[in-house]
Amino acid sequence: MRKTSAVLATLSLAVLTLTGCASAPSFAGDVCDRAAASTPSIKDSVSVEGDLGEAPDVTVYSPVKADETSFADIVTGDGRAITTTGQTFVTDFTFYGAKSGKELTASAYDGDLSRINNITSWEKQVPGFGKVLECATAGTRMIAVLSAEDFGEGNAQSFGLGEDEGVVGVVDVHAVDLARATGALQFNDAKGLPTVVRASDGTPGIIVPDSVAPSEAVTQTLIKGEGAKVEEGQTLIMNSTTVGWDDKKVTSSTWGSDPQLAPAAPGLVGSTVGSQLLVVTPEQDGAPASATVIDILGIVPVPEQ
């Protein structure tokens with residue numbers, strides 16, 4: 001019987017919130033060299049049949065040595081790569097006992113691309129799962145071998161695994177969202193507004209001028225993305241940083257942790273995925289004026305009925 005434990009069921013949809021203020025952790029450096037990090041020999045331990053996105057027909061030639069975590073891609077996708085721990089994506093997976101070869105748990109394989117997650121959230125449940133997802137591209141199907149330590153003691157107990165028994169997984173990577181705004185830089189000539197600088201990983205810095213904040217809200221497009229246009233009622237995946245106008249201090253940021261999932265605010269409708277916007281909010285209802293930089297990273301699809 002195909003089942004999903006209470007531990008892993010929470011990964012069906014991560015409700016990501018606005019926290020943290022550090023630079024976004026990236027393991028890609030300048031280039032993702034996934035092939036160099038793979039272990040092709042593990043393909044000899046598993047037979048996998050079926051199409052990407054459909055529940056695979058798998059035979060595990062157990063016992064599989066699982067002293068350390070490794071992976072090998074059996075289908076390499078040509079989509080966007082996972083390059084940071086906070087970047088959102090959709091996966092399907094099936095796990096098997098490395099010694100028994102028996103199926104332990106599996107995702108739904110239902111084509112629902114709203115089941116977004118990221119490495120940060122995955123590793124809270126399966127500590128070493130991020131190691132096999134680093135630099136994976138959308139459209140990839142892989143064989144993953146997780147050591148007992150990387151699968152997690154709690155998970156091992158939940159599935160009744162033997163002492164030091166790891167797991168073998170077949171993992172499909174579907175949609176991968178942007179890690180940062182990307183597109184054409186836009187020229188803005190408005191006076192008295194903040195200047196935005198960016199670190200190499202896209203983390204923005206906001207330089208607020210020594211002048212009075214605008215009396216009305218202002219929105220500028222700093223980078224115009226080439227993705228889908230944002231429509232009213234959609235849920236967006238965003239990174240944002242907010243700085244107080246008067247004290248010039250960061251009051252909130254999602255960079256370095258989980259991006260924010262939120263309904264499209266009126267000021268974002270009509271923008272495109274990949275865009276970066278500067279939003280200046282005047283003092284109102286006792287709240288001080290502020291400047292916010294928003295990267296629109298994706299749109300959460302509506303599940304098919």
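**Exercise 1. Strands and their pairing**

How many bridges join strand 6 to strand 7, and which way do the two strands run? Place this pair in its sheet.

*Solution.* The model is predicted, so local features need pLDDT of at least 70 and side-chain atom pairs count only at pLDDT 80 or more, whereas totals for chains, interfaces and linings use all residues. Residues are numbered from 1 along each chain as its sequence is written, and side-chain values use heavy atoms, with hydrogens and water left out.

Step 1 fixes the terms: helices (H or I, at least four residues) and strands (E, at least two) are DSSP runs numbered from the N terminus, and two strands pair if DSSP finds at least two bridges between them.

Step 2 turns to the pair itself, where strand 6 (residues 140–146) and strand 7 (residues 167–176) run antiparallel and are joined by seven bridges; Met-142 has Val-171 in strand 7 as its bridge partner.

Step 3 widens the view to an open sheet of five strands, ordered 3-6-7-4-5 with antiparallel pairing. Strand 3 (70–75) and strand 5 (103–106) stand at the edges with a single partner strand each, so one side of each is left without a neighbour in the sheet. From one strand to the next the twist averages 20°, the axes being lines fitted to C-alpha atoms (for helices over the stretch in contact) and angles running from 0 to 180 degrees between N-to-C directions.

Step 4 examines strand 4 (residues 89–97), which runs antiparallel to strand 5 and is joined to it by three bridges, with Glu-103 in strand 5 as the bridge partner of Tyr-96. The hairpin of strand 4 and strand 5 has five residues between the strands, and in this hairpin Gly-101 takes a positive phi near 75°.

**Exercise 2. Salt bridges and their surroundings**

Describe the salt bridges of Asp-172, Lys-131 and Lys-248, and state for each partner whether the residue is buried or exposed.

*Solution.* A salt bridge requires a side-chain nitrogen of Lys or Arg within 4 Å of a carboxyl oxygen of Asp or Glu, and by this rule the count comes to seven. For accessibility, buried means under 20% relative accessible area and exposed over 50%, with partly exposed in between (1.4 Å probe, protein chains only).

Step 1 takes Asp-172 and Arg-141, whose closest N and O atoms are 2.6 Å apart; the pair links strand 7 to strand 6 across 31 residues. Asp-172 is buried because its relative accessible area is 0%, and Arg-141 is likewise buried because its value is 2%.

Step 2 takes Lys-131 and Asp-150, which meet at 3.0 Å, N to O, and link helix 4 (residues 129–133) to helix 5 (residues 148–151), 19 residues apart. Lys-131 counts as partly exposed at 44%, whereas Asp-150 is buried at 9%.

Step 3 takes Lys-248 and Asp-210, which meet at 3.3 Å, N to O. Lys-248 lies in the loop between strand 12 (235–244) and strand 13 (250–253), while Asp-210 lies in the loop between strand 10 (204–207) and strand 11 (218–225), the two being 38 residues apart. Lys-248 is partly exposed at 35%, and Asp-210 is exposed at 75%.

Step 4 adds that Asp-92, Asp-110 and Arg-115 are linked in a network of salt bridges.

**Exercise 3. The nonpolar core**

Which residues touch the most other members of the largest nonpolar core, and which element gives the most to this core?

*Solution.* A nonpolar core is a set of buried Ala, Val, Leu, Ile, Met, Phe, Trp, Tyr and Cys residues joined through side-chain atoms within 4.5 Å. Among the 25 residues of the largest one, Phe-129, Val-132, Leu-133, Leu-146 and Phe-151 touch the most other members. Two or more residues each come from strand 4, helix 3 (119–125), helix 4, strand 6 and strand 7, and strand 7 gives the most, with four residues.

**Exercise 4. Backbone exceptions**

Where do Cys-135 and Asp-285 lie, and where is the cis peptide bond?

*Solution.* Most residues other than glycine have a negative phi, and most peptide bonds are trans. Cys-135, in the loop between helix 4 and strand 6, has a positive phi near 70° and is buried at 11%. Asp-285, in the loop between strand 15 (276–281) and strand 16 (290–300), has a positive phi near 50° and is exposed at 85%. The cis peptide bond joins Ser-62 and Pro-63, with omega about -5°, and Pro-63 is found in the loop between strand 2 (57–60) and strand 3.
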